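Reader: I would like to go through this model with you and ask, point by point, what each label rests on. Please set the values against the cut-offs as you answer.

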Amino acid sequence: MTRVLSGVQPSGDVHLGNYLGALRIWVSDQKEADAFYCIVDLHALTKENDPAELSRRTLDMAAVLLAVGLDPDVCTIFVQSHVAEHTGLAWLLECTATMGELNRMTQFKDKGRDDESVRVGLFAYPVLMAADILLYDTDRVPVGDDQRQHLELARDLAIRFNGRYGETFTVPEAAIPKVGARVMDLQNPTSKMSKSVLSPQGTVLLLDDPATIDRKIRRAVTDTETEVRYDPGTKPGVSNLLEILGAATGRSPEDCAAGYSAYGPLKSDTAQAVIEMVAPIQERYRELIADRNTLGQVLIEGAAKARAVATTTFERASQAIGLLPPPWEGRLREGREKFR
Ligand code: TYM
């Protein structure tokens with residue numbers, strides 16, 4: 001069976017870009033593949049962090065993942081820091097990656113390559129992400145378009161490691177959706193919608209109430225023409241709305257465009273489609289967030305299932321690179337058998 005793995009940061013609120021670019025694909029993938037979904041709390045440490053907020057957001061993200069439709073009986077949902085092999089393998093891969101290739105990562109360049117106070121963790125971020133992926137013998141990684149370069153690095157590191165130390169890792173493929181892979185900021189449609197953006201009006205949160213969603217979409221920046229056409233190069237604002245409407249209703253943006261001759265109706269239909277799409281998610285979220293025991297249980301079971309796979313790959317990689325197998329290795333293996 002195809003193995004799928006993907007991750008989401010627990011930093012801030014989940015927005016429409018996260019949902020349309022990644023989470024909704026995770027939901028459909030869980031039925032077709034052996035899927036592992038990871039809340040990447042260690043990645044959240046690469047920027048300023050409030051400890052109480054981080055643990056709250058991590059649990060909150062578990063509730064969001066269940067609310068969007070992930071079923072813990074079908075897929076594995078776990079927290080990155082609960083599986084120590086992620087940081088262990090990240091080190092082996094840091095000793096495989098070069099400064100040059102990490103310096104070329106556009107997300108690092110954007111977030112402060114020239115800032116002396118930038119953290120080492122932010123620089124090494126894509127290597128930890130490669131470890132997340134390679135630990136699970138992952139075939140396919142469903143992500144939004146902004147993760148494309150990180151996926152290329154994960155592939156390069158896997159190929160290099162395999163070439164130097166023998167066949168160890170599966171080389172993963174990125175799976176980027178045709179529609180919704182790059183949802184743009186509603187106020188600044190040439191930048192992607194993001195959690196860290198300065199204009200909250202440009203970001204639709206999955207848990208925004210209907211009136212807020214309606215207001216944000218109706219106030220979306222468009223252009224001075226009136227023609228509704230899908231043309232991201234010259235009409236980024238309108239094309240973004242068409243992309244959102246298409247992703248929310250299962251159509252192509254071009255098909256959506258054919259139904260409109262003015263921006264007003266496009267905006268109100270897009271708002272309505274988004275409100276309808278998120279309503280059941282919000283309802284489930286409210287029930288789940290009140291039930292911390294169930295969330296905790298899901299994460300305990302998820303960590304056990306994830307560890308069973310991760311320890312095997314980590315052991316294989318450690319031995320391939322020449323580390324002495326631990327003398328208690330047999331005991332570790334016995335423990336793992338319990339979760340099979
Ligand atoms: P994160 O938490 O920023 O985003 C989670 C997912 O949402 C997608 N996404 C978008 N898709 C479309 N339009 C947007 N505006 C938009 N913004 C975000 C992202 O592409 C992502 O798929 N580095 C990753 C987390 C990560 C990971 C991994 C992913 C860590 N380890 C291993 C896959 C595999 C990140 O920060 O995602």
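Reader: Where is Asp137 found, and what makes Asp137 count as buried, partly exposed or exposed?

Author: In this predicted model, Asp137 is found in the loop between α7 and β4 (140–142). Its relative accessibility is 24%, and since buried means under 20% and exposed means over 50%, Asp137 counts as partly exposed. The backbone of Asp137 also has a positive phi of about 50°, although Asp137 is not a glycine.

Reader: Why is Ser252 called partly exposed?

Author: The relative accessible area of Ser252 is 25%, so Ser252 is partly exposed, given that this class lies between the limits of 20% and 50%. Ser252 lies in the loop between α10 (236–249) and α11 (253–257), and its C-alpha is 19 Å from that of Thr222, with the two positions 30 residues apart in sequence.

Reader: How do you know whether Asn240 is buried or exposed?

Author: Asn240, whose place is in helix α10, has a relative accessibility of 4%, and because buried means under 20%, Asn240 counts as buried. Leaving aside neighbours within four places in sequence, Asn240 is in contact with Arg182, Val183, Met184, Asp185 and Leu186.

Reader: What makes the pair formed by Asn240 and Met184 a polar contact?

Author: A polar atom of the Asn240 side chain lies 2.8 Å from the backbone oxygen of Met184, and that distance is within the 3.5 Å cut-off for a polar contact.

Reader: Why does Leu288 count as buried or partly exposed?

Author: At 19% relative accessibility Leu288 counts as buried, because the limit for that class is under 20%. Leu288 has its place in helix α12 (residues 263–289), and, not counting residues up to four places away in sequence, Leu288 touches Ala63, Leu66, Ala67 and Leu295. The C-alpha atoms of Leu288 and Arg57 are separated by 14 Å, although these residues are 231 apart along the chain.

Reader: How do you know which residues surround the ligand?

Author: The shell takes residues that have a heavy atom within 4 Å of the ligand, and 28 residues surround the ligand in this way, with Tyr125, Asp132, Gly144, Asp146 and Val183 as the closest. These shell residues divide into 12 nonpolar, 11 polar and five charged.

Reader: Which protein atoms lie at polar-contact distance from nitrogen atoms of the ligand?

Author: A nitrogen atom of the ligand is 2.8 Å from a polar backbone atom of Val183, a ligand nitrogen is 3.0 Å from a polar backbone atom of Gly17, and a ligand nitrogen is 3.1 Å from an N or O atom in the side chain of Gln147. Taken alone the ligand exposes 710 Å², and the protein buries 96% of that area. The elements that give two or more residues to the shell are β1 (3–8), α1 (16–32) and α7 (120–134).

Reader: What makes the radius of gyration of the protein agree with that of a compact globule?

Author: For 340 residues a compact globule would have a radius of gyration near 20 Å, and the protein has 21 Å, which agrees. The C-alpha trace spans about 70 × 45 × 40 Å along its principal axes, and the secondary structure comes to 14 helices and five strands. Buried residues make up 50% of the 340 residues, and, among contacts with a separation of 6 or more, residues 24 or more positions apart account for 76%.

Definitions and conventions: Residues are numbered from 1 along each chain as its sequence is written. This is a predicted model: local features need pLDDT of at least 70, side-chain atom pairs count only at pLDDT 80 or more; totals for chains, interfaces and linings use all residues. Side-chain values use heavy atoms; hydrogens and water are left out. A polar contact is a pair of N or O atoms within 3.5 Å; within protein, one must be able to donate a hydrogen and the other to accept it, and residues adjacent in sequence count only if both atoms are side-chain atoms. Accessible areas come from the Shrake-Rupley method with a 1.4 Å probe; for residues, only the protein chains shown count as cover. Ala, Val, Leu, Ile, Met, Phe, Trp, Tyr, Cys and Pro count as nonpolar, Asp, Glu, Lys and Arg as charged, and the others, Gly among them, as polar. The radius of gyration is taken over C-alpha atoms; the globule rule is 2.2 Å times the number of residues to the power 0.38. Buried means under 20% relative accessible area, exposed over 50%, partly exposed in between (1.4 Å probe, protein chains only). Contact means heavy atoms within 4.5 Å.
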